Amino acid sequence: MSEPILEVTGLNKSFGPVHVLHDVDFTVRAGEVTALVGDNGAGKSTLVKCVAGIHPMDSGIVRFNGDPVSVHGPRDAAKLGIEVVYQDLALADNLDIVQNMFLGRERGGAWLLDEASMEQAARDTLASLSVRTVKSVRTPVSSLSGGQRQTVAIAKAVLWESKVVLLDEPTAALGVAQTRQVLDLVRRLAEQGLGVVLISHNMADVFEVADRIATLYLGRMVAEVPTREVTHGQVVELITAGRSGDLGLARPETATV
Ligand SMILES: Nc1ncnc2c1ncn2[C@@H]1O[C@H](COP(=O)(O)OP(=O)(O)OP(=O)(O)O)[C@@H](O)[C@H]1O
Ligand SMILES: [Mg+2]
């Protein structure tokens, strides 16, 4: 088992009177894909946004490579190498692939950007991920398909040498071929040594690419298990009932003992 690169312990988060995350522990390991599953409203996106510094945590500790860190905003997260790829991709439609990948971190002086070096880096990164469906890195993002946009967003994370990439339902809107492309990419990120978190409602995808499966149920982390030790049915039970046999929440009759 590889080392934890990102560890969250005792995370609580409320929105006003609504307590969304309850004492959540969550571990991301380098070189592994961790699937984060749970029903609609279970708190998956909220967990990711807390880790990414978008929502402040009410309580909890985040460790990066074993050291406690404070993440008070997206910049803190980016500095640590934590990158989030949201479903509603934060790409600028009017810009091309290179401009999107370097947005806010352009190379060159104030008056003259180093276009050639940025273009080459964008091309190299896509090639390193075996992305072949994008014809030119000067294509405006508005003319890309959903899968290609997802690919560019993920490649951006790789370009910036991220250590942890969190993907919030990257395949939800994609067709069969594009889903395949993104799942391959997810695996490749882990093979490059990154810690990858995949939020997905698709059990087939989860079982195909994830090394471990973490299940949130009504804001509680009820199980974090190696994929090979559970069946589809068990994970579905964990998602819908919070437990499955010995896994997950204790049975009500034993919990009170
Ligand atoms: N900004 C917010 N303000 C108030 N409540 C919120 C906010 N964001 C999320 N919530 C609430 O927190 C709970 C968890 O939402 P979250 O988006 O984390 O769920 P999710 O597991 O990602 O669900 P889905 O699978 O539908 O994406 C929901 O009850 C939701 O209404
Ligand atoms: Mg969500």
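Two strands count as paired here if DSSP finds at least two bridges between them. With that in hand, here are some views of this predicted model.

**View 1. Strand 4 and strand 5 pair up in the antiparallel sense.** Three bridges hold the pairing between strand 4, residues 59–64, and strand 5. Look for Val-62, which sits opposite Val-69 of strand 5.

**View 2. Strand 1 and strand 2 make a hairpin.** The two strands run antiparallel, with eight bridges joining them. Just two residues lie between the strands, and Gly-16 in that turn takes a positive phi of about 60°. Phe-15 faces its opposite number in strand 2, Val-18.

**View 3. Four strands line up as an open sheet.** Reading across, the order is 2-1-4-5, and the pairing is antiparallel. The edges belong to strand 2 and strand 5 (67–69); each has a single partner strand, so one side of each goes without a neighbour in the sheet. On average, and ignoring direction, neighbouring strands of this sheet are turned by 25° against each other.

**View 4. Helix 1 lies across three strands.** Those strands are strand 1 (4–15), strand 2 and strand 4. Against strand 2, the helix runs at about 65°.

**View 5. A mostly local cast of residues surrounds ligand 1.** Around the ligand sit Phe-15, Val-18, Val-20, Gly-38, Asn-40, Gly-41, Ala-42, Gly-43, Lys-44, Ser-45 and Thr-46. Strand 2 (18–29) and helix 1 (44–51) are the elements that give two or more residues to this shell. Helix 1 gives the most, with three residues. By character, the shell splits into four nonpolar residues, six polar and one charged. Phe-15 and Val-18, both part of this shell, are the pair that stand opposite each other in the hairpin of View 2.

**View 6. Stepping back, here is the whole protein chain.** The chain holds nine helices and twelve strands. Its radius of gyration is 19 Å, close to the 18 Å that the globule rule gives for 257 residues, so the chain is as compact as a globular protein of that length. Along the principal axes, the C-alpha trace spans about 70 × 40 × 35 Å. Buried residues account for 43% of the 257. Take the contacts between residues at least 6 apart in sequence: 66% of them join residues at least 24 apart.

Conventions
Residues are numbered from 1 along each chain as its sequence is written. Chains are lettered from A and ligands numbered from 1 in the order in which they are written. This is a predicted model: local features need pLDDT of at least 70, side-chain atom pairs count only at pLDDT 80 or more; totals for chains, interfaces and linings use all residues. A residue is near a molecule or strand if its C-beta atom, placed from the backbone, lies within 6 Å of it. Ala, Val, Leu, Ile, Met, Phe, Trp, Tyr, Cys and Pro count as nonpolar, Asp, Glu, Lys and Arg as charged, and the others, Gly among them, as polar. Axes are lines fitted to C-alpha atoms, for helices over the stretch in contact, and angles run from 0 to 180 degrees between N-to-C directions. Two residues are in contact if their C-beta atoms, placed from the backbone, lie within 7 Å. The radius of gyration is taken over C-alpha atoms; the globule rule is 2.2 Å times the number of residues to the power 0.38. A residue is buried if 20 or more other C-beta atoms lie within 10 Å of its own, exposed if 12 or fewer, and partly exposed in between; C-beta atoms are placed from the backbone.
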